[in-house]
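I set aside this page for the inside of one protein chain. My plan is to look up cavities, then nonpolar cores, then aromatic rings.

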Amino acid sequence: MSKLIKLLSNHYISLFIVIVSIVTRIINVLFVSYCSRDKMFLVLQSKSLLEGKGLTIPKYFTTDPTIAVYKIMPLWPPGYPTLLAPFLKLFKYNIYWATTSIDIIFSIALIFIVRKLCKQVGLPIAATNIITLIAGCFEYTFIYESRPTDLVSVVLAYLSIIVIIKLANSNEFSIRRILFTSLLVFLPCLFRYNYPAMSLAIIAAIGVAGFVKKDKLLKRKALLLFIFNAFAIALFFTLMKLFTGHAGYALPTDRGLYPENIVHWFPVVPSAFINIAFLTSQLIHLVNMPFKTSMLWLEVINALAIITLTILF
């Protein structure tokens, strides 16, 4: 084991692992990337933005199919179509390469950000290299489903965590630095509607740490971060309401109370190694195992894995 750790701590091995992770992830992105329905909506918004018609989507009606009616549809926040616009222009409206280039850039950025986070929390080089391989070579839903906004949001969220940890560990109190950090924590909210709650939760965790450690400086930082971030979120939704008529967008769902779902959870540990959708479909095909049964076994495996990891670490 000591020889393996020494090998993984070698500078040249670290460089090799980074290169392998980047190449693997690029190949993975090229393999799974496609022009999905979500991407097409956002591409239309980017195209309208480049044509000077704002973040709108053209619609055509049978009364006069030759005339496009541009309508604002805030299915997503404005971050991704705004980011996509210069790539769409650069690749001469080639949708695949415009969107895939963004995915490649942010997937590579994810690898370096994960390495930075590992070093920041004090992990040894060997552990950092192992996690680098996990970040670069394993399957993740936000990558293999080729959703346009997921990968960008995840990368920005990890980046904000790095900056927050750096701010929390600093003995300096700077309003400018706190304001910059709060804006960076807010940045993922411009790409997905579900990130405001997460950004506030991250800041709340810093506040809890301040109370536990009885650190007045940390509590002041957390309070200001929370105020600035809450203000940015409130301003964002207010502007969305003023310019689009909608503060956000939520998929219509069936309302009701389903207490039986409390005992179920997604098998996060197995899904880090295997594609759950592929596995369950193959179990149905090969051994006629129902989806409900296979998910139950995966939940059991997930629980055992988390208990084992908790005991070990």
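Which residues line the largest cavity? I noted first that the model is predicted. I then listed the lining: V29, V32, S33, D103, F142, I143, S146, R147 and L151.

**Entry 1, the cavity.** I looked up the elements behind that lining, and those that give two or more residues to it are α2 (11-32) and α7 (141-144). By class, I found 5 nonpolar, 2 polar and 2 charged residues in the lining. The count comes to 1 cavity of 30 Å³ or more. I wrote down about 60 Å³ as the space in the largest cavity.

**Entry 2, the cores.** I went on to the largest nonpolar core, which has 40 residues. Those that touch the most other members are Y80, L84, I102, L110, F142, L151 and V152. Two of these names were already on my page, since F142 and L151 also line the largest cavity. I checked which helices supply at least two residues of this core, and they are α3 (37-50), α4 (79-90), α5 (95-120), α7, α8 (150-169) and α11 (216-244). Which element gives the most to this core? I found that α5 does, with 9 residues.

I picked V152 for a closer look. Leaving out residues up to four places away in sequence, I found that V152 touches Y80, L83, I102, F106 and F191. There is also a second, separate core of 10 residues, and I noted L167, I202, I203 and L225 as included in it.

**Entry 3, the rings.** How many aromatic pairs are there? I got a count of 5. I began with F41 and W76, whose ring centres are 6.4 Å apart and whose planes are at 45°, so I wrote the pair down as tilted. This pair links distant parts of the chain: F41 sits in helix α3, W76 sits in the loop between β2 (69-71) and α4, and they are 35 residues apart.

Are these two residues buried or exposed? F41 is partly exposed, with a relative accessible area of 22%. W76 is buried, with a relative accessible area of 13%. The cut-off for buried is under 20%, which is why the two get separate labels.

My next pair was Y140 and F142. Their ring centres are 5.6 Å apart and their planes are at 20°, so this pair is stacked. Y140 and F142 are both buried. I ended the ring entry with F186, F236 and F237, which ring pairs link into a cluster.

Conventions:
Residues numbered from 1 in each chain as written. Predicted model: local features only at pLDDT ≥ 70, side-chain atom pairs only at ≥ 80, totals over all residues. Heavy atoms only, no water. 1 Å grid on protein atoms, 1.4 Å probe; cavity = no way out; pocket = protein on both sides within 12 Å on 5 of 7 lines; lining within 4 Å. Points joined across faces, edges and corners; volume = space filled by probe spheres on them. Helix = DSSP H or I, 4+ residues; strand = E, 2+ residues; numbered from the N terminus. Nonpolar A, V, L, I, M, F, W, Y, C, P; charged D, E, K, R; others polar. Core = buried A, V, L, I, M, F, W, Y, C linked by side-chain atoms within 4.5 Å. Buried < 20%, exposed > 50% of the residue type's maximum accessible area, 1.4 Å probe, protein only. Contact = heavy atoms within 4.5 Å. Phe/Tyr/Trp six-rings, centres within 6.5 Å; stacked < 30°, edge-to-face > 60°.
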